[in-house]
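Here is a short report for a reader who is new to this structure. Please look over the sequence and the model before reading on.

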Amino acid sequence: MWKKSEQEVTPPAPVKNVTPTSKAGSKKACIGAGLTLKGELSGNEDVIIEGRVEGKVTLKGHSVIIEKSGRVDADIFASTIHVAGEVHGDLHGTAQVVLLETGHLEGNIHAKGVTIESGAQFKGTVDMETVAVAPQPTSRPQSANEQKTNGSAHAPNAH
Amino acid sequence: MRLGLPWRRSSPSPPTPPFASQAPATKKLISSNALEHVATRLEDVSPCTILDLGPPISENLAFYARYGAKITVADFYRFYRPLRGTSLERASTRASLLDELVPHNASTRFDLVMAWDLLNYLSLDEIAWLMDGMSDLCSTGALMFAIVTGSGDMPETPSSYSILDAQTLLSETRASRVRPSPNHSEHALARVTPRLRVDRRFQLRNATAEFLFNFR
C-alpha cells in the first residue's frame, strides 16, 4: 500500500475521534503515535497520522487527517486534509484544507476551500480557487468621524 | 485560480508557547469605516497581493478570495513574541528576522497589508524596524490597515478580527488580563515610519482609531 523507507516497530495506537473522520465505510490506514515514517507515503485509501511522517504524502482523491499528536514534515497531496497536529510543508487539497484549533502549519495551502479554526497557528500563503463575488457597495459619503489627512505633513523625513 | 506566493521554510521556527489563556472569548462587533476602502483596493488591484499580519481567520480568507487576491498570512505577533529581545541593531539581524517572520520571496510586492491591532503591541523602535522592512516588500502606494488604541487599557495580547462584511468587523479577545495602551500618537508613528504616510484616519469609540497608511 505505501512505500516505507524507515519504520519503527511500535504498534499503532488506537484511533481517536479528535478530528472529523472520512466518509463512512471507506478504508482508513493509521500511522500510530509511536511510528515514524521517512520516505514517500502514497496509496488509495484515507490515512490518519498520529505519529511522525517525513518526506512526501500523496493520496490523491482521499483524505489525510493529522491528529493532535501527529507531526508531518512533508508536502501533502490529497482531496481533503485535516490538521490537528503540526505540519511543516505545503498542503495541496483538491477539495478542502481544514486547520483545526490545535493545528500548526508552516507552509502554503493550495485548496478550493480553506477552513481555519480559532486558535490554529499558520504562517504561509493561501492559494484558493477564485470565487465570483457580487459587487459590493464600497463608496459612500465620507462619514463624520473620518479625517482625511494630508500625508506630507506627517512624514517630513520621507526618502 | 490565483497563484499564491511560493514560500519555503528556511529553518525550524522556535517553539511557540501557548498564545493566549483559555479564557472565554470576548466578542465585539465593530462598525468599520476603513474596510470599505480596503474593499475598494481589492477591487481596483487585480490580483491584489495581501499580507495579513494577524492570526489566520477563515472569514477573512474567504473575503480576500472573493476578490481573487493572493493571500499571505504571517500571524506576526505569535511568531515574533518568542523572539522578542533579539537585538535589532544589526541590519543583517533585522533582515533575517523579517525573512523568518514574513513569508515572501524576491519578487514579492504586497499591495495591501492588514496589520489589525499589531502596532499597539510593538514599541516605536519595533514599529520603525518592521515598517522599514515592510517598505521593501510593498509596492509603492500599497495600503496598510491598522487599529491603534490611543489611551486606557487594552487586552494583554492582540485580538483577532473577522471581516463580516465591508462595513463590519467582529473582534475576539481571549486574553483575560489587560495592560496599558502604549498610546502611540499619530505624530509619533509618523516620526518612526518615514516611508509611510497617513492616508485616512477614522476615529472609533474608546480612543481607538482605524488608520489607512500608504507606503511611499
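Which residues are buried in H5(B)? They are Ile127(B), Leu130(B), Met131(B) and Met134(B). This is a predicted model, and the report below describes that prediction.

## Helix H5 of chain B

The buried residues of H5(B) fall within an arc of 95° when seen down the helix axis, so they line one face of the helix. Several elements of chain B help to cover these buried residues. Among them are strand E4 (110-116) and strand E5 (138-149). Helix H6 (186-192) and strand E10 (196-203) of chain B are also included.

Helix H5 of chain B covers residues 124-137, which makes 14 residues. At 1.5 Å a residue, the expected span is 20 Å. The end C-alpha atoms are 20 Å apart, which agrees.

## Helix H2 of chain B

Helix H2 of chain B takes in residues 58-66. Its buried residues are Asn60(B), Leu61(B), Phe63(B), Tyr64(B) and Ala65(B). What do the buried residues of H2(B) pack against? Both chains take part. Chain A brings strand E10 (109-116) and strand E11 (121-128). Chain B brings helix H1 (35-44), strand E2 (49-52), strand E3 (70-73) and strand E7 (160-165). Just after H2(B) comes Gly68(B), with a positive phi of about 70°.

Asn60(B) is one residue of helix H2 of chain B. Why is Asn60(B) buried? Within 10 Å there are 24 other C-beta atoms, and 20 or more make a residue buried. Setting aside neighbours within four places in sequence, Asn60(B) is in contact with Asp52(B), Ser162(B) and Ile163(B). Asn60(B) and Asp165(B) are 105 residues apart along the chain. Their C-alpha atoms are separated by 9.5 Å.

## A three-stranded sheet in chain B

Chain B has an open sheet of three strands. The order is E1-E8-E7, and the pairing is antiparallel. Strand E1 (26-31) and E7 of chain B stand at the edges. Each has a single partner strand, so one side of each is left without a neighbour in the sheet. Neighbouring strands of this sheet are turned by 25° against each other on average, direction ignored.

How do strands of a sheet pair? They do so through backbone hydrogen bonds, either parallel or antiparallel. Here, E7(B) and strand E8 (residues 168-173) of chain B pair in the antiparallel sense over five bridges. Tyr161(B) stands opposite Ser171(B) in E8(B).

## Arg179 of chain B

Arg179(B) has its place in strand E9 (residues 178-180) of chain B. Why does Arg179(B) count as partly exposed? It has 13 C-beta neighbours inside 10 Å. A residue is buried at 20 or more and exposed at 12 or fewer, so Arg179(B) falls in between.

Leaving aside neighbours within four places in sequence, Arg179(B) is in contact with Asp153(B), Met154(B) and Glu156(B). Arg179(B) and Asn206(B) are 27 residues apart in sequence. In space they are 15 Å apart, C-alpha to C-alpha.

## Chain A

How many helices and strands does chain A have? The count is zero helices and twelve strands. From the N terminus on, the elements run β-β-β-β-β-β-β-β-β-β-β-β.

Chain A has 159 residues, and buried residues make up 41% of them. Consider the contacts in chain A with a separation of 6 or more. Residues 24 or more positions apart account for 16% of these contacts.

How values were computed: Residues numbered from 1 in each chain as written. Chains lettered and ligands numbered in written order. Predicted model: local features only at pLDDT ≥ 70, side-chain atom pairs only at ≥ 80, totals over all residues. Helix = DSSP H or I, 4+ residues; strand = E, 2+ residues; numbered from the N terminus. Expected span 1.5 Å × (residues − 1). Arc of directions from axis to C-beta. Contact = placed C-beta atoms within 7 Å. Pairing = 2+ DSSP bridges. Axes fitted to C-alpha atoms, helices over the stretch in contact; angles between N-to-C directions.
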